[in-house]
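Okay, can everyone see my screen? I'll put the sequence and the model up, and then we'll go through the aromatics and the ligand site.

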Amino acid sequence: MRNTMLKVQPISGALGAEIAGVDLGAELSDATIAEIRQALLDHLVIFFRDQDLPPARFLALARHFGTPIEYPFVKGIEGFPEIINVAKLEHETVNFGGVWHADTTYLQAPPMATLLVAREVPDAGGDTLFANQYLAYETLSEKLRSLLAEMRGVSSSAKADASRTREDRIRSDGSAEARKLLVAEHPAVRTHPKTGRKALYVNRAHTVSFAGMTEEESAPLLEFLFRHQIRPEFTCRFRWTPGALAIWDNRCAQHYAVNDYAGHRRIMQRITLAGDVPA
Ligand code: SIN
């Protein structure tokens, strides 16, 4: 396949676009990379089908968009510390990422974006949902938006719903730091450094409280926000096929891996890209 003009087709009214007309394993021109970057800013998550991206090419592709970093709890695959296996095997019951989240918000500088490539997928099931956090923010009342402007969310790596989703992978590929507790505080609403738009930045998987408030005091408002931020009209759903690739922007989108393929295996590989401190 030769690189040609990209064809960008939105997959829902809220976010997400499928891009055709590019072979991501080939040399990419600066113009093509710029177009893909712009599509990511415009659509928050972008998808490509039928890509031939063995690990070295996958990593080379990721480097066009940022600096790959290591995931703190799971070791990378042989020879590629920045690439982790996101797998669920036939006998496993819990899937990695099966709670709404933006990636690793318990880091001081959470990753700006993530690339996920499908290696093996079930015949049916194992889709990923995404939710637009600009829309989540913009649809709150003015009063709540001004209240949230003053608030910071505390993220912890130990929140039970999320930590149990990585247990199988820690058992198979856990890093030396796999049991470390990581905690970070970020604005509840962050401004995207490239688009200048504001996005809601709390998430069910990792946010445990608001800074200066107890978990019990924080819970009612957090629970409202967790429900609000994933309303169906803010979401899209991607059906994976082998060789499909997603790139999402963690600064303005959340995602959720659907666990509906009991008895089947799903093997993906993931790279996260260094981000800045949310402001
Ligand atoms: C993740 O949360 O990074 C994994 C998403 C998926 O497997 O669909």
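So, Phe238: buried or exposed? It's buried, because its relative accessible area comes out at 1%, and the cut-off for buried is under 20%. Bear in mind as we go that this is a predicted model.

Now look at what Phe238 sits against. Phe238 and Phe47 make a stacked aromatic pair, with 4.0 Å from centre to centre and 5 degrees between the planes. In sequence terms that's a long reach: Phe47 is in strand β3 and Phe238 is in strand β13, residues 235-238, so to speak 191 residues apart. Phe47 is buried too, because its relative accessible area is 0%.

Stay on Phe47 for a second, since there's another partner. How are the rings of Phe47 and Phe130 arranged? Their centres are 5.6 Å apart and the planes are at 65 degrees, so we call that one edge-to-face; the cut-off there is over 60 degrees. Phe130 comes from strand β7, residues 128-132, while Phe47's strand β3 covers residues 45-48, and the two phenylalanines are 83 residues apart. Phe130 is buried, as is Phe47.

Put those together and you get a cluster. Phe47, Phe130 and Phe238 join Trp240 and Trp248 in one aromatic cluster. Across the model, the count is 8 aromatic pairs.

Keep Trp248 in mind, because we're heading to the ligand, and Trp248 is one of the residues around it. Who else is there? The surroundings also include Val86, Gly97, Asp103, Leu116, His255, Ala257 and Arg270, and then there are three I want to pull out for their polar contacts.

- His101 has a polar side-chain atom 3.0 Å from a ligand oxygen.
- Thr128 has a side-chain N or O atom 2.5 Å from an oxygen atom of the ligand.
- Arg266 puts a polar side-chain atom 2.8 Å from a ligand oxygen.

And how much of the ligand does the protein bury? The ligand on its own exposes 260 Å², and the protein buries 100% of that.

Last bit, for anyone who likes cation-over-ring geometry. Arg119 lies over the face of Phe58, 5.9 Å from the ring centre. Arg145 does likewise with Tyr137, at 5.8 Å from the ring centre.

That's my tour, over to you.

Technical notes:
Residues numbered from 1 in each chain as written. Predicted model: local features only at pLDDT ≥ 70, side-chain atom pairs only at ≥ 80, totals over all residues. Heavy atoms only, no water. Phe/Tyr/Trp six-rings, centres within 6.5 Å; stacked < 30°, edge-to-face > 60°. Helix = DSSP H or I, 4+ residues; strand = E, 2+ residues; numbered from the N terminus. Buried < 20%, exposed > 50% of the residue type's maximum accessible area, 1.4 Å probe, protein only. Lys NZ or Arg CZ within 6 Å of the ring centre and 35° of its normal. Near = heavy atom within 4 Å. Polar contact = N/O pair within 3.5 Å; in protein donor to acceptor, adjacent residues only side chain to side chain. Areas by Shrake-Rupley, 256 points an atom, 1.4 Å probe, with all protein chains shown as cover.
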